[in-house]
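User: Could you walk me through this one, a bit at a time? I'd like to see how you get to each answer.

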Amino acid sequence: MTDLITEQATAAASGAAATEQFRSKQRTENTSADTERVDTLVSELLAATHDIVRRHKVTYAEYDALKAWLIQVGEDGEWPLFLDVWIEHAVEEVAGESRKGSKGTIEGPYYIPGSPRFAAEASLPTRDGEQGTPLLFQGQVRAVDGTPLSGAVVEMWHADNDGLYSQFAPGLPEWNLRGTVVADARGNFKIHTIEPAPYQIPTDGSCGKLIEAAGWHAWRPAHLHLKVAAPGHQLITTQLYFQGGEHVGDDIATAVKPELILAPTPVADGQGREVTYDFVLDKA
Ligand code: MBD
Ligand code: FE
């Protein structure tokens with residue numbers, strides 16, 4: 001019985017892992033409390049909430065339902081999921097406003113630093129017989145002025161053919177479909193992997209309950225996550241999607257941008273598909 005339970009992907013298990021991961025990597029810059037800033041932001045958040053209560057005549061039954069739900073989000077460890085699905089896109093929009101290079105998008109809750117490192121042409125770690133269409137993802141990392149960036153590093157992580165992320169679902173090898181690829185002297189890289197499946201927000205936790213109660217769907221389109229860095233340049237966190245894929249037009253996390261949609265083509269003399277995508281990084 002215990003074995004059966006531990007083998008299932010549950011909201012509480014992936015939530016606990018995401019909460020743990022966040023605690024260990026919390027961004028350290030700008031965390032000093034500026035009283036005036038806290039006062040402004042929290043006062044406006046509260047005022048917006050009071051306004052909603054008054055305009056919609058929120059009842060005590062609804063207030064209690066909210067209280068119960070908020071308590072449950074914490075117990076499920078789903079605050080990282082909730083925030084990254086429904087809030088992060090606005091923060092990323094502001095953070096990326098003045099960037100001239102490639103578009104970025106949200107990081108989401110499932111990044112783990114320190115994945116295995118590989119040379120410029122590499123295969124992400126997979127299981128024997130890993131399911132999914134093989135994908136060759138290749139490109140070049142350049143500066144805004146077109147200079148190839150030597151010393152560039154491309155980190156990729158993504159879900160498997162069942163939409164599951166290693167370290168957030170049981171039974172997957174630790175670094176499955178996660179890797180850090182060091183580009184060559186001209187910033188070129190080639191990454192062999194498989195195409196991920198669309199991702200469904202866990203339906204058995206608080207976020208799933210909210211989605212059901214509101215009549216929404218729980219899906220993100222299939223996506224590759226990336227962090228691209230080079231010495232003297234701004235790191236970019238992004239995701240890439242697949243043209244024609246399900247939910248590319250209605251991502252629950254509002255993280256799709258037109259510039260981030262790939263159109264892979266069949267590999268001429270082999271299996272699967274291939275696509276070229278270049279990254280342009282702003283100066284630090
Ligand atoms: C994901 O895989 C993801 O990328 C985001 C942003 C939120 C939830 C799951
Ligand atoms: Fe994701």
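User: Let's begin with Leu45. Is Leu45 buried or exposed?

Analyst: Keep in mind that we're looking at a predicted model. Leu45 lies in helix α3. Its relative accessible area is 57%, and the cut-off for the top class is over 50%. So Leu45 counts as exposed.

User: What separates the C-alpha atoms of Leu45 and Leu260?

Analyst: Along the chain, Leu45 and Leu260 are 215 residues apart. In space, the gap between their C-alpha atoms comes to 31 Å.

User: Now the metal. Which residues coordinate the iron ion (ligand 2)?

Analyst: Look for the donor atoms around the ion, which sit at 1.9 to 2.1 Å. One is an OH atom and the other two are NE2 atoms. In sequence, the donors follow the spacing Y-x57-H-x1-H. Put together, the residues are Tyr165, His223 and His225.

User: How many residues apart are Tyr165 and His223?

Analyst: Take the spacing of the iron donors again, Y-x57-H-x1-H. Tyr165 is in the loop between β4 and β5, while His223 is in strand β9 (residues 223–229), so the pair links distant parts of the chain, and the separation is 58 residues.

User: Is His223 buried or exposed?

Analyst: His223 lies in strand β9, and Tyr165 gets the same label as His223. The relative accessibility of His223 is 3%, and the lowest class is anything under 20%. Therefore His223 is buried.

User: Which side chain does the side chain of His223 join in a polar contact of 3.0 Å?

Analyst: There are two contacts to sort out here. At 2.7 Å, the His223 side chain reaches a backbone oxygen, that of Pro221. The 3.0 Å contact is between side chains, and the partner is His225.

User: Let's do the sheet. Which strands are at its edges?

Analyst: The open sheet is made of 6 strands with mixed pairing. Their order is β1-β5-β4-β9-β10-β11. An edge strand pairs on one side only, and that picks out β1 and β11 (261–262).

User: Which residue in β5 does Arg117 stand opposite?

Analyst: Strand β1 (residues 117–118) pairs with β5 in the parallel sense, over 2 bridges. Strand β4 (residues 153–158) is joined to β5 by 5 bridges, running antiparallel. Glu155 stands opposite Thr180 in β5, and the residue opposite Arg117 is also Thr180.

User: How many residues of strand β5 are buried?

Analyst: Strand β5 covers residues 178–182. In the sheet order, β5 comes between β1 and β4. The strand is mostly covered, and of its 5 residues the buried ones number 4.

User: At the other end, which residue in β11 does Phe242 stand opposite?

Analyst: Strand β10 (residues 236–242) pairs with β11 in the parallel sense, over 2 bridges. Phe242 is in that β10 range, and opposite it in β11 is Leu262.

User: Are there holes inside? Which element gives the most to the lining of the largest cavity?

Analyst: A search of the whole structure turns up 3 cavities of 30 Å³ or more, and the largest holds about 100 Å³ of space. The elements giving two or more residues to its lining are α5 (79–86) and β9. Its 14 lining residues include Val85, Gly108, Pro109, Tyr199 and Arg220, the ones nearest the centre. The top contributor, with 3 residues, is α5.

User: And the second largest pocket: which element gives the largest share of its lining?

Analyst: About 480 Å³ of space lies in this pocket, and the closest of its 13 lining residues to the centre are Thr49, Glu62, Leu66, Trp69 and Leu70. The elements giving two or more residues are α3 (35–56) and α4 (60–76). By class, the lining has 11 nonpolar, 1 polar and 1 charged residues. The largest share, 6 residues, comes from α4.

User: Last one, on backbone angles. What is phi of Thr254 near?

Analyst: Most residues other than glycine have a negative phi. Thr254, in the loop between β10 and β11, has a positive value. Lys57, in the loop between α3 and α4, also has a positive phi, near 45°. For Thr254, phi is near 50°.

Definitions and conventions:
Residues are numbered from 1 along each chain as its sequence is written. Chains are lettered from A and ligands numbered from 1 in the order in which they are written. This is a predicted model: local features need pLDDT of at least 70, side-chain atom pairs count only at pLDDT 80 or more; totals for chains, interfaces and linings use all residues. Side-chain values use heavy atoms; hydrogens and water are left out. Buried means under 20% relative accessible area, exposed over 50%, partly exposed in between (1.4 Å probe, protein chains only). Two strands pair if DSSP finds at least two bridges between them. Donors are N, O and S atoms within 2.8 Å of the metal (3.2 Å for Na, K and Ca); water is not among the atoms, so sites may look incomplete. On a 1 Å grid over the protein atoms alone, a cavity is a set of points where a 1.4 Å probe fits but cannot get out, and a pocket is an open set with protein on both sides within 12 Å along at least five of seven lines; lining residues have an atom within 4 Å of a point. Grid points are joined across faces, edges and corners, and a volume is the space filled by probe spheres set on the points. Ala, Val, Leu, Ile, Met, Phe, Trp, Tyr, Cys and Pro count as nonpolar, Asp, Glu, Lys and Arg as charged, and the others, Gly among them, as polar. A polar contact is a pair of N or O atoms within 3.5 Å; within protein, one must be able to donate a hydrogen and the other to accept it, and residues adjacent in sequence count only if both atoms are side-chain atoms.
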